[in-house]
Every structure is written in structure tokens, then in C-alpha cells.
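Take a look at the sequence and the model below. This report walks through the nonpolar cores first and the salt bridges second.

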Amino acid sequence: MPTLDVPEERLRKFKYRGKDASMRRQQRMAVSLELRKARKDEQTLKRRNIINSCPYPPSEKPAKGMPGSLTLGEIIKGVNSSDPALCFQATQAARKMLSRERNPPLKLVVEAGLIPRLVEFLKSSLYPCLQFEAAWALTNIASGTSEQTRAVVEGGAIRPLVELLSSSSVTVCEQAVWALGNIAGDGPEFRDIVISSNAIPHLLALISSTTPITFLRNITWTLSNLCRNKNPYPCEKAVKQMLPVLFYLLQHQDSEILSDTCWALSYLTDGSNERISQVVNTGVLPRLVELMTSSELSVLTPSLRTVGNIVTGTDQQTQMAIDAGMLKVLPQLLRHARPAIQKEAAWALSNVAAGPRQHIQQLIAHDILPPLVALLKNGEFKVQKEAVWTVANFTTGANLDQLIQLVHSGVLEPLVNLLTVPDVKIVLIILDVFAYILQAAEKLSEKENLCLLIEELGGIDRIEALQLHENHQIGQTALNIIEKHFGEEEDEGIILLDQLLDQDNEFIRITKN
Amino acid sequence: MELSDANLQTLTEYLKKTLDPDPAIRRPAEKFLESVEGNQNYPLLLLTLLEKSQDNVIKVCASVTFKNYIKRNWRIVEDEPNKICEADRVAIKANIVHLMLSSPEQIQKQLSDAISIIGREDFPQKWPDLLTEMVNRFQSGDFHVINGVLRTAHSLFKRYRHEFKSNELWTEIKLVLDAFALPLTNLFKATIELCSTHANDASALRILFSSLILISKLFYSLNFQDLPEFFEDNMETWMDNFHTLLTLDNKLLQTDDEEEAGLLELLKSQICDNAALYAQKYDEEFQRYLPRFVTAIWNLLVTTGQEVKYDLLVSNAIQFLASVCERPHYKNLFEDQNTLTSICEKVIVPNMEFRAADEEAFEDNSEEYIRRDLEGSDIDTRRRAACDLVRGLCKFFEGPVTGIFSGYVNSMLQEYAKNPSVNWKHKDAAIYLVTSLASKAQTQKHGITQANELVNLTEFFVNHILPDLKSANVNEFPVLKADGIKYIMIFRNQVPKEHLIVSIPLLINHLQAESIVVHTYAAHALERLFTMRGPNNATLFTAAEIAPFVEILLTNLFKALTLPGSSENEYIMKAIMRSFSLLQEAIIPYIATLITQLTQKLLAVSKNPSKPHFNHYMFEAICLSIRITCKANPAAVVNFEEALFLAFTEILQNDVQEFIPYVFQVMSLLLETHKNDIPSSYMALFPHLLQPVLWERTGNIPALVRLLQAFLERGSNTIASAAADKIPGLLGVFQKLIASKANDHQGFYLLNSIIEHMPPESVDQYRKQIFILLFQRLQNSKTTKFIKSFLVFINLYCIKYGALALQEIFDGIQPKMFGMVLEKIIIPEIQKVSGNVEKKICAVGITKLLTECPPMMDTEYTKLWTPLLQSLIGLFELPEDDTIPDEEHFIDIEDTPGYQTAFSQLAFAGKKEHDPVGQMVNNPKIHLAQSLHKLSTACPGRVPSMVSTSLNAEALQYLQGYLQAASVTLL
């Protein structure tokens with residue numbers, strides 16, 4: 001699942017140009033585990049058709065109370081009949097059963113062994129209505145658990161479904177697109193079977209300027225499922241085939257199409273720099289950045305994520321995103337009403353801040369520090385976390401002037417406040433940021449002022465208290481900061497008693513606590 | 001070792017002996033046990049004893065011995081033998097949980113500790129059954145057993161609260177959650193039900209509440225790293241019950257003890273922590289529960305008494321409110337005027353009151369009181385929590401809150417006015433309230449730096465603070481006196497000078513107060529006022545303004561040191577130091593008395609130095625006396641030597657380690673004050689300073705180096721003529737220092753002084769050896785710090801002895817060495833040199849190498865000429881290279897060791913910055929230009945061609961700038 005709510009996702013891909021060895025090390029500790037409830041993906045993985053209006057002309061519409069209410073036994077009997085009409089009736093009944101809004105009996109239908117027959121029906125090109133009903137029923141089965149999807153695949157449905165993509169009946173064709181989307185959405189294994197069954201060229205062939213919008217939405221969604229999932233990623237050839245079409249779809253005005261196209265791109269950019277490169281080279285960036293200003297959350301979210309993925313890439317790729325204007329858009333996203341957007345935006349920003357000094361400079365030039373500080377102050381914790389990472393990356397990569405600007409932006413106050421947050425990693429990062437900024441201030445002979453500022457904000461009390469933290473690394477870092485920078489207040493440079501009395505330099509600590 | 005009765009008997013005997021008060025019996029027994037603990041079955045014998053021994057003492061003793069054995073031996077250290085055989089390990093793990101749960105509490109505790117030690121190593125992989133075993137016990141219904149399990153679980157899981165996220169950690173937590181979360185939840189529900197069933201049974205309730213506390217702690221640990229799916233799904237169960245428990249009270253659980261928190265308090269405190277955890281980290285999911293918790297916690301605060309036992313609960317609860325009220329999306333929970341009034345009135349004001357416990361501390365434990373009150377070590381106190389809440393509320397509601405409190409302050413002051421001797425505490429609370437309301441930001445150095453503009457601080461000062469301090473009786477209402485003085489202290493930057501100056505004689509007067517807190521605060525306030533800066537960075541108060549009070553000030557300060565409890569009061573001593581520093585010459589008339597008093601103090605405290613800060617300020621005061629007096633009259637130095645040397649000798653003879661570094665610094669100062677040659681009294685000391693034992697203590701090194709530098713500066717000729725045999729000893733010190741990564745810069749300070757001051761012929765024979773030592777160190781462990789010092793040294797050498805001499809000494813050690821040093825060290829590393837004097841030394845030294853060293857012009861070294869010039873221009877123009885190689889990050893590097901002895905611990909013994917190049921060269925860039933010009937006249941045509949062929953364009957441009965500035969050209 002490509003959601004960024006999985007923090008390690010970010011960690012793994014995190015660019016880190018920091019100088020501090022300890023911070024870099026933490027980056028490598030990628031955790032592939034979650035304690036959290038798995039987040040519902042913003043994009044639907046599989047979809048079930050619950051539209052009960054039949055696309056057929058009224059004449060073909062079955063009479064009320066007739067086949068729709070067959071029992072499972074009757075259905076089994078029906079599909080196994082050699083009479084196409086009976087088969088149709090039974091299949092339609094099965095489809096209706098499976099389209100029930102509440103607890104459709106997927107399991108029962110699979111266990112009843114209907115799938116092989118349904119797959120058979122897909123091939124009965126003489127009876128497009130039957131093909132349609134079978135495809136629909138299979139679509140709904142494939143929307144179930146992985147096990148149920150597997151039953152569809154193992155029932156041999158993929159190949160006939162791909163063949164249906166060339167069906168002359170638009171409705172059959174559309175239903176096949178849908179079914180394949182559900183199968184591909186299950187995971188990399190089935191996705192790759194769909195791909196290797198040569199589905200992509202057929203799918204692409206369906207797209208033209210005259211494709212009806214609802215159909216086009218379906219195709220786009222299925223394409224996005226063909227881009228989805230990693231371990232492994234879809235093969236390069238498949239990606240190459242799809243990219244030009246995705247670029248084309250990205251110019252569309254329909255928000256559903258845009259949303260699914262952006263999701264597709266977000267999956268493709270969620271990987272190595274080479275993968276990012278493939279996408280970026282199609283020239284999608286300007287349009288993506290434009291979509292980041294969309295008022296539709298469903299478009300904004302995946303476009304932002306895609307751009308966020310891209311800036312995890314090389315400095316050059318990041319530069320391209322900046323050139324496309326991402327930094328112009330980020331401030332308003334950092335101020336977005338939704339915490340989830342703030343968080344994604346801050347995440348993207350953290351990776352720009354991890355870049356070279358020119359990037360940091362541009363970040364300053366676009367006036368991004370004020371909204372960043374506002375998030376540090378008032379954001380939800382998950383947003384604050386991303387903002388802290390941004391500051392940490394900024395700090396380790398910045399030159400002295402840039403650090404000064406950072407401090408002047410008022411970043412220290414919220415950082416001090418966050419020192420009491422119950423998250424050891426964040427506390428440590430903040431301590432490292434303080435150590436880093438203090439060291440820089442020392443070079444500028446500004447340390448005294450900075451120390452006073454930190455003290456005013458209540459920072460010394462908090463850092464002192466952290467010396468006793470049960471986490472050894474936090475305790476030690478806090479102790480080092482206190483000893484090195486706050487050893488003793490004094491105006492006239494008096495006292496470095498602990499240095500002087502090396503043999504018992506414990507006392508300062510003891511008397512202070 | 002078999003599991004036999006005989007062995008059990010022997011073990012019992014030895015265990016008994018380990019309890020014997022007589023070391024002659026105890027020690028051998030302990031030795032014996034240690035000698036046999038490596039045998040198989042030893043731990044099982046202990047477990048058998050602690051279970052089955054008839055003697056209770058032996059049972060306990062066996063359990064303690066067992067725990068210590070586990071602590072020492074369980075962990076398998078890589079490359080070391082496994083100290084417990086596998087069979088024993090398996091047997092221990094198979095039995096210990098059961099044993100622990102069936103043992104009486106005393107033994108249970110030891111075994112529980114042992115389980116957590118084992119768990120830390122083996123859980124979960126190597127102890128897969130532990131969780132199931134524990135969870136199964138939840139079914140037992142026996143809360144003695146259940147609490148044992150919970151306690152063990154707590155000791156195993158509490159590390160989740162402070163360890164960094166890692167794959168390993170999260171795998172473990174996941175495992176624990178899968179096995180433990182549901183049973184824990186069920187237990188939680190069941191326990192709460194039992195609480196209502198047994199609502200009238202005190203002893204049952206106590207056990208059940210202990211369980212609830214442990215369950216709540218486990219909740220915290222399991223929810224710390226992230227919000228687990230299970231707890232998100234079951235949030236309602238937990239939060240509803242937590243909420244109910246917060247509001248619950250039961251007479252049977254109330255304790256009579258005023259100090260010790262009872263079970264109810266502990267439980268509610270933990271629930272506040274749990275709620276705070278969710279509010280801070282999982283706000284999105286917790287949002288809908290939060291308002292209820294705010295109300296419950298606030299009601300809790302309103303109904304909780306003043307007793308000390310509630311302190312933790314109250315401060316946790318207030319901190320919860322404080323953290324919530326400053327978050328924008330919860331602002332609405334507080335903005336109602338009635339809510340605000342109620343919080344101010346019922347939560348904040350009562351918790352700011354001066355309580356009996358505070359009064360006790362004020363009188364009987366004043367040091368602790370001062371530390372808490374002045375230095376902010378009051379983090380967990382109610383007052384502090386209440387202050388934090390005021391600050392939190394002021395973020396959004398400064399106006400209304402100030403308004404509400406103003407009313408309160410007034411009414412409390414009125415109460416006080418009605419009957420001061422009874423109602424003085426009302427005034428204390430009023431002052432405290434004003435202080436916490438007005439102070440938005442504070443530092444030790446400046447007091448309050450940002451104040452609430454809605455509070456008129458000066459008016460309050462004039463109307464309510466000054467009158468108290470003006471009262472004739474300094475011992476009346478000591479708490480209010482202390483409050484008033486503290487008010488001056490912290491608002492010193494807000495109250496105008498004309499009002500502050502009025503308070504100075506009052507403060508001086510209060511130095512005589514009997515209360516330790518009062519006279520300490522008076523001293524501290526004076527010290528802070530005297531440190532304040534006015535325009536132009538001069539002190540705010542001039543010596544002239546304080547002049548009328550000099551005598552009484554000095555008298556009262558020293559008298560305060562004789563008050564009971566204040567004989568080594570660091571605040572008073574610091575005030576003495578600061579007064580000297582401010583008053584300067586004005587103290588000279590009193591200097592004889594002052595130095596006598598200080599010397600007496602010195603002698604007295606040197607018997608048993610225990611207050612490092614006091615001692616430090618005392619030495620600073622001594623240094624100040626010397627400087628101030630000798631500046632006016634250098635000859636007076638003799639008087640100081642007379643007064644001090646006796647005490648110093650005693651300190652040195654008795655080896656008072658804490659003071660020796662100070663003594664050396666004061667002596668350095670005295671020695672430097674002598675204008676002429678070094679007095680013989682010092683020369684007599686010289687050989688002693690070279691004794692290795694003195695240098696063993698790292699604390700002595702900076703001061704000793706400083707003193708030796710003073711000797712070299714003042715007495716190099718005397719040393720060369722009368723103590724030439726000591727030069728090897730001096731170099732021995734250098735050799736020792738240079739060998740240490742921590743102290744090598746000190747070695748260079750010494751070496752630089754030797755090179756600079758000693759007559760060349762006196763060190764001639766040692767020079768080559770010195771360089772060899774430096775090279776050895778370079779080879780063995782090259783650090784950035786060493787390189788920096790080394791560069792300064794060779795350039796100083798070059799200045800002092802000439803460029804040719806430097807080249808010759810290098811090449812004398814090994815042919816072509818000079819070129820190597822240039823190429824591998826000077827050219828690439830010169831950019832790292834820091835410090836103005838240091839850079840100047842290097843610039844002048846390199847200029848000499850470029851222009852006064854013939855081999856640079858016409859040997860194979862010539863190819864290095866332009867690169868060297870380029871690097872010199874880099875030194876002038878490029879930013880300092882402060883990168884440090886990765887591997888050096890963890891070496892304890894002193895900040896920026898320079899040519900100067902930068903440590904300067906005693907500020908007032910500090911030496912002036914010394915520039916050995918000083919007069920010779922003012923502007924090193926001009927000097928370079930002139931020198932190049934001179935060189936070019938000696939060999940016309942060569943210099944311009946060398947410069948133009950390979951110097952890069954930017955450097956060339958800079959160089960042309962220098963030449964222009966010096967109005968010279970290259971021929």
C-alpha cells in the first residue's frame with residue numbers, strides 16, 4: 001500500500017544529506033511493521049458494481065420476480081444447463097445476488113463452484129449478454145478477499161477477459177476492463193499476470209477522444225491498478241507502454257480521471273530514482289504542480305503525493321519539481337485546512353530541505369518558513385513530526401545565513417515546546433537541531449544571545465530535565481548541550497569550573513538537579 | 001553440583017554466613033558462593049531454597065542472591081563464555097514465573113526483578129511461553145497472582161516508553177499486543193466490575209486498585225510508540241472506564257497520610273498521563289473524548305485538597321490542562337468567561353498558595369527552597385504547574401485572564417492590609433500571582449525579558465514591594481521580604497533605574513536579616529543589579545552611584561558570611577566578587593581588611609572544601625583585589641604575596657586538590673604583575689612545578705601551563721642562567737602533554753612560550769628532538785586539533801628563528817622533509833587555523849617562507865612556491881575550514897585551542913591576549929606585498945612569472961589588491 005501514513009516509507013526513501021552521523025544512522029532504521037490500523041487507501045483498491053440498473057434495453061430486462069430471485073441451487077443448476085437462455089438467467093441471477101449491497105454471498109458462490117462456468121461464458125461470443133453478466137459476476141467476486149480473487153484467476157478468467165477488451169459490445173468491454181482492474185488491484189502477482197496477458201495494449205486501444213467519459217474513468221482506474229503495488233514493481237516495459245497515455249489523461253478535465261491518473265503516477269514514482277526519472281521525463285511535472293492547486297481533494301492528494309515522491313529523488317529531479325513551481329504551491333498547502341494535506345506537504349518539504357543549499361535558499365525565497373513554523377506550533381502531532389524533520393534537514397544542510405533566517409522565523413519556540421512530546425525520536429532530533437544551531441551560533445559569536453533566547457523560551461529547563469531521560473541517547477545529548485553551551489551563565493566569561501576540576505566534574509550536574 | 005540435600009544444607013550454611021555482621025565471617029562466605037556459582041545446578045539450588053527452606057530469612061536471602069546472580073551472569077556477552085549452562089537456563093525459565101507468583105511479596109519482588117532481567121535478554125524469541133503463561137494467570141481470579149503478573153509485565157514493557165523505534169522493538173510490541181491486549185482489556189473490565197462488587201471491602205479494594213494502577217501503566221507503555229490497532233478499536237472501553245475512574249471516589253481508599261500519595265491518587269495521576277499521551281499524539285482519534293476529560297480533570301482539581309500527597313496528581317492534572325488549552329482546536333473548551341474565571345479561581349489561585357510545607361522549607365531547608373524558587377528546579381511543583389497553566393491560558397486569553405487575576409490580587413492585598421500578621425500569606429500569593437502573570441519570558445541573566453503589558457509592574461513595585469522593604473524590622477514577615485527582593489531581582493529590567501537605586505540601600509540592609517533566604521536573596525539581588533548593563537554596555541549602576549554605600553555594603557556582605565547557615569554562601573561570595581568588580585578603586589581604602597577576611601575564609605574552607613561555587617567566587621574576589629590594587633600601585637603586589645603565600649603553602653603542602661589549580665592561577669597573576677625580573681621566592685618554586693605527580697591530575701594542567709608560561713615570560717633569562725638544568729624537565733612536561741589528544745594544545749602553549757621567550761642558545765641542543773617528537777605524534781595519531789596547533793608552532797618558529805632555520809631543521813631530520821611538510825600539511829591544512837592571532841602568526845610565517853627562504857626559489861621546492869602563496873591568500877580570504885573528519889567526531893575536542901591559553905577559568909586572573917608578532921607586523925596582507933616586492937627586487941622577473949603562471953585568477957586579483965594597498969609592484 002503506497003500510503004504515506006506508513007512512516008518508514010518515508011524513512012526508506014528519505015534523502016539525507018546531513019552531516020551528523022547519528023541522525024543519518026537513524027534514517028537507515030527502516031521499519032516495515034505497523035502497529036496502527038491499516039489506513040484505508042485514498043484510492044479504491046477494488047470496486048464492486050452495485051448499480052442495479054441494467055444497461056440493457058427494457059425488452060431484455062427480466063420480468064419482475066423471475067430470475068432475480070433464484071436460489072443458489074437453482075443457479076447452479078441453471079449455469080450448468082446447456083441452454084444458453086437458462087445459463088443467462090442463472091448468471092444474471094448470480095450477478096444480482098453478488099450485487100447486493102449488504103453482504104453479498106461471495107463465499108457461497110465461490111464454494112458453489114460457479115467460477116469455471118462463468119469463465120466459460122466469457123468465451124461465448126455469440127451471446128454478448130451472457131458474456132456481460134458473467135464478466136459482471138466475476139468482477140464482483142474478484143472484489144472480495146484475496147482468496148476469492150485468486151479463485152477467479154485460477155478459474156482462468158484473465159485471458160478471456162483480456163480478449164473481451166476487443167469485444168464489439170462496449171458494455172461487455174467495459175465490464176471486462178472493470179473485472180481486470182479488480183484482479184490487478186489485488187497485488188503484484190495478479191497484476192503481473194494481467195500485464196503478461198497483454199492487457200495493456202488492448203486497454204490503451206480503447207482510449208480515444210470519443211471514448212465516453214464513464215468508460216474512460218473505468219479504463220483509467222484499471223490502468224492505475226496496473227501501476228499499483230511494489231515488491232516487485234510492474235515491469236519497465238509495461239510502465240513505458242502506459243506513461244504516454246497517463247500523460248494524455250493528465251490533461252483531462254474530469255476530476256475522477258485526474259485523480260486516478262495521479263494515483264497511477266504516484267505509484268510509479270514511489271520507488272528508485274530511475275523510476276522517478278521515467279515519469280519525470282514525460283514532462284508531467286508542470287501539470288502535476290498545477291493540479292496541486294485543485295480544489296478537489298481527490299486530485300490534490302495524489303498529485304501532491306506524486307510530487308512528494310519525485311523530490312525524494314536526485315537533486316536534479318528535485319530541481320525540476322522546483323522549476324515546475326512546487327514551492328510556489330507548497331505554502332498554501334501547508335496552510336490547508338486538512339491535517340492530512342498539511343502532513344503530505346510538510347513531508348514533501350522535508351525532502352526539499354534535505355537537498356543542497358540552493359534548494360534551501362529557494363525554500364526561503366518562497367517564504368515557506370512562516371507556514372512551517374505555524375505547523376510546528378499548531379499542527380496535529382503527525383504534522384508537527386514532519387515539520388520537525390523538515391527543520392532537522394534544513395539545519396544540517398544550511399549555511400550560516402540560512403540558519404540565521406531559520407532562527408529568525410521563530411522556529412525555536414515551538415521546538416522547545418515539543419521537547420516534552422512523548423516521542424523519543426522527535427525529542428532526539430530536536431536536541432540535535434539545538435546542538436547544531438548552537439554550534440553555528442558559536443561561530444558567529446552569537447551564542448550568548450541564542451542561549452538567552454532558548455532560556456527565555458523555557459528551553460534550558462526542558463533540556464536539563466531531559467538529562468535524566470531514561471533513553472540513554474537523549475540523556476547524553478541533553479547533557480552534552482547543557483555542558484557545552486549552558487555550563488554556567490556568566491557575563492564576563494567566568495567559569496568553566498567543570499573543566500578546571502576535571503576530577504570531580506560531577507558536581508555541576510548534582511547541584512543543578 | 002547436584003541437587004542434593006547435602007548441597008542444600010551447605011548452601012544454607014553459607015547463605016547464613018553472608019548475613020553475618022562480622023566481615024571475617026561474611027567475606028569468605030561471599031567469596032565461596034562466588035566461586036561455586038559457575039557450577040551447574042547452582043541457581044536451581046537457590047530456587048529450591050527460596051521455595052522450600054524452613055527458615056524465612058534464608059528464603060529471602062536466597063532470593064536476593066538469586067537475583068544478583070542473574071544480574072551478573074544471565075547476559076551472554078559476545079566472545080565471553082556462557083556463564084550459565086543451557087539446562088539451568090531452561091529450568092529457570094520453566095519455573096520462575098510460577099515460583100514468583102506463589103511466593104510471598106518480599107520474594108516475589110526479587111523474582112520479578114530477575115524475570116525482567118531474563119526477559120530483557122530472552123524475551124520474546126528465547127522465551128516464547130512467557131506471554132501465554134502470564135496471560136493464563138489472568139484467569140486465576142487470584143489478584144495476588146494477577147498483580148505479580150502485571151508487575152512483571154510492567155517491568156518488561158516499560159522500555160517501550162523510551163526506546164527508539166526499530167524493527168526488533170516493533171516486532172516484539174506486535175507480539176505482545178497480539179497476545180496481551182485483549183486479555184488485559186478483559187481484565188481491566190473485570191477488575192472495574194469487581195471494584196463495585198467490593199465497594200465496601202477496603203482490603204479487597206486496595207488490591208484491585210493496585211491492579212488498576214498497573215493496568216493503566218501497561219496501557220501507557222503499550223500505547224507509547226504508536227496507537228495500536230487494537231486500542232484504536234477499543235478506545236471507547238478504555239476511555240470510558242478511565243473517565244469513570246477519574247471521577248470516582250471511595251472513602252475506604254482515602255489515606256490519613258498527608259505526604260504519601262494513596263492508591264486513588266496514583267491511579268488518577270496515571271490516567272492523566274494516559275489522557276495526555278492520547279491528547280498529544282493521537283489527537284485525531286482522541287478528539288471526541290477530550291472535552292469529557294478536560295471537564296473531569298478540571299473537576300478533579302477543584303475537589304482535590306492541599307495536602308502534599310496530592311501534589312503529583314495535581315501537577316499532572318494541571319499540566320494536562322496547560323498542554324490542551326494552548327492548542328488552537330481546543331481553545332473553545334476554555335473561552336467561556338465563566339470557565340476561565342472558574343479555572344483561575346478554583347485551580348490556579350489555590351495552587352499558588354504558600355503552604356505549610358513551603359513554610360517549613362523556607363525556615364528549615366533554605367538551601368533547597370532557594371534552589372527551587374530561584375533556579376527553577378521546581379518542575380514538578382504545584383506552583384510551577386499553576387504558572388504554566390497561566391502562561392498557557394494567556395496564549396489565547398491574556399486580556400480576560402489578566403482581568404480576572406487583577407481582581408484577585410486586589411482583594412488579597414486588601415485582606416493583607418486588614419491584618420498583616422495574620423494574613424501575610426495573602427500578600428505572598430498576590431505577589432506570586434502578579435509575577436507569574438507578568439512574566440512571559442525569563443532568563444537567569446536578565447530576569448524577566450518579556451512582560452505582560454497589561455500589568456503595571458512599577459506601580460506594584462512602588463505601592464506594594466518598597467513599603468515592605470522599608471520597614472525598620474528586617475526580620476519581620478521574612479517570606480514577604482524574600483518575595484519583595486525576588487520581585488526586584490526578576491523585574492529589574494522592567495522597573496526604571498530611579499526606583500531600583502532606591503532599593504539598593506534597602507537590599508544592603510537586608511543582608512543582615514536572620515533568615516537565610518532573605519539575606520541570600522538580598523545578596524543575589526545586589527549581585528544581579530550590579531551586573532546590569534546600561535547604554536554603551538557600561539554597567540547600569542556606576543561606582544560613583546554606589547559610592548555612598550561602599551563601606552556599609554562591604555561590611556554587611558562580610559558580616560552576612562558570619563550569619564548562621566551562611567558561612568559558605570555562594571550568593572554572598574558572588575555578590576562580594578561583583579561588588580569589587582563594580583566598585584574598582586573605591587575598594588582600595590578597605591583592601592587590607594578585605595584581603596585579611598578573604599585569606600581567613602580561604603584558610604577556613606581549605607580544611608574541607610565543599611562548596612565549589614563559593615570557592616570559585618572567593619578566588620575570583622582575591623584576583624580582583626590584586627588587580628585593582630596593583631593597577632594603581634604595582635608595588636603592592638608584595639603585600640598580597642605576604643598575605644596569601646602562607647595560605648597557599650598550606651594548600652600545596654596539604655595537597656588540597658580542589659584549590660591547587662586556583663592557587664596556580666593566582667600565582668600566575670601575581671607573577672605577571674611583577675615588572676622586573678622574577679623574584680627569588682618564585683624561582684625556588686620552579687623545580688617543584690615540574691614534578692610529574694602534579695601533572696598527573698588533568699585538572700592541574702591548564703593552570704600549571706599558565707603558570708609556567710608566566711615564568712617563561714618574566715624569567716626566561718633567569719631560567720637560562722640559573723636553572724638551565726631544569727630545561728629538560730620543562731621539555732619533559734611538553735613531551736607528556738603532546739602525547740595526549742586531550743592536552744596536546746597545552747603542550748603547544750608551553751612550547752610556543754619556550755620558543756618565544758627562551759634565549760635561542762639555551763634550547764639549541766633540544767630543537768631537533770622537539771621536532772622529532774612532534775613528527776612521531778603526527779604519525780601515530782593525527783587529529784585536526786593537533787594539526788592546527790602544529791601549524792601555529794612551526795610558523796612561530798619560522799618567525800623567531802628564520803625561514804631557513806625551519807627548512808634546515810626539517811631537512812636535517814630527513815632529506816626532503818621540508819617539501820613534504822609544505823605539500824602535505826601546510827598547504828592543504830592552513831585553512832583550518834582559527835583565531836586572529838593564530839592566523840596572523842601563520843600569515844607572517846608563510847610570508848617568510850615565501851620571501852626569505854632561498855631553497856624555495858631555486859631547488860625542487862620551487863614548484864611549491866605558488867601553491868603556498870595560493871594557500872596563504874586562501875587563509876586571508878576564504879572562510880575558515882571547520883570541517884572535522886568523521887572519525888574525529890567522537891574525540892573530546894576542546895573547542896578552539898588557540899595560541900592563547902584560552903581556558904581562562906578565573907576570569908579575573910585572566911591574561912591579556914598576547915600577540916607575539918604584535919609590533920612587527922600590523923597588516924599581514926600589506927606585509928606580504930612588501931615582502932614579495934623586496935624579493936622581486938632581489939631576483940627581478942622571477943616573481944611575476946611565478947605568480948602569473950600558476951596562481952588562480954581569483955587569488956591573483958586579491959594579490960594585486962594587496963600590492964596596490966601597499967603601493968608596491970613586483971619587478
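Which residues have the most contacts inside the largest nonpolar core? They are B:Phe157, B:Phe180, B:Phe320, B:Phe580 and B:Trp865. Keep in mind that this is a predicted model.

**Nonpolar cores**

The largest nonpolar core has 351 residues. Helix 20 of chain B, residues 382-418, supplies the largest share of this core, with 15 residues. A second core is separate and has 156 residues. Its members include A:Leu122, A:Leu165, A:Val411 and A:Leu412.

Now zoom in on B:Phe320. Setting aside neighbours within four places in sequence, B:Phe320 is in contact with B:Cys272, B:Ala275, B:Ala276 and B:Ala279, among others. The list of contacts also includes B:Leu290, B:Phe293, B:Val294 and B:Ile297.

**Salt bridges**

How many salt bridges are there over all chains? The count comes to 58. Here are three of them.

| Side chain 1 | Side chain 2 | N to O distance |
|---|---|---|
| A:Lys240 | A:Glu236 | 3.8 Å |
| A:Asp461 | B:Arg384 | 2.8 Å |
| B:Asp373 | B:Lys486 | 2.8 Å |

Start with A:Lys240 and A:Glu236. Both lie in helix 14 of chain A, which covers residues 236-250. They sit 4 residues apart, about one turn of the helix. A:Lys240 counts as exposed because its relative accessibility is 54%, and the cut-off for exposed is over 50%. A:Glu236 has a relative accessible area of 46%, so it is partly exposed.

Next comes the salt bridge between A:Asp461 and B:Arg384. Why does this pair join two chains? A:Asp461 lies in helix 29 of chain A (residues 459-466), whereas B:Arg384 lies in helix 20 of chain B. That is the helix with the largest share of the largest core. A:Asp461 has 22% relative accessibility and therefore counts as partly exposed. B:Arg384 is buried, with a relative accessible area of 17%.

The third pair, B:Asp373 and B:Lys486, stays within chain B. B:Asp373 belongs to helix 19 (residues 366-374) and B:Lys486 to helix 23 (residues 478-490), so their salt bridge ties together parts that are 113 residues apart in sequence. Is B:Lys486 buried or exposed? B:Lys486 is buried, because its relative accessible area is 16% and buried means under 20%.

Salt bridges can also link up. B:Arg120, B:Arg159, B:Glu163 and B:Glu172 form a network of them.

Technical notes
Residues are numbered from 1 along each chain as its sequence is written. Chains are lettered from A and ligands numbered from 1 in the order in which they are written. This is a predicted model: local features need pLDDT of at least 70, side-chain atom pairs count only at pLDDT 80 or more; totals for chains, interfaces and linings use all residues. Side-chain values use heavy atoms; hydrogens and water are left out. A nonpolar core is a set of buried Ala, Val, Leu, Ile, Met, Phe, Trp, Tyr and Cys residues joined through side-chain atoms within 4.5 Å. Buried means under 20% relative accessible area, exposed over 50%, partly exposed in between (1.4 Å probe, protein chains only). Contact means heavy atoms within 4.5 Å. A salt bridge is a side-chain nitrogen of Lys or Arg within 4 Å of a carboxyl oxygen of Asp or Glu.
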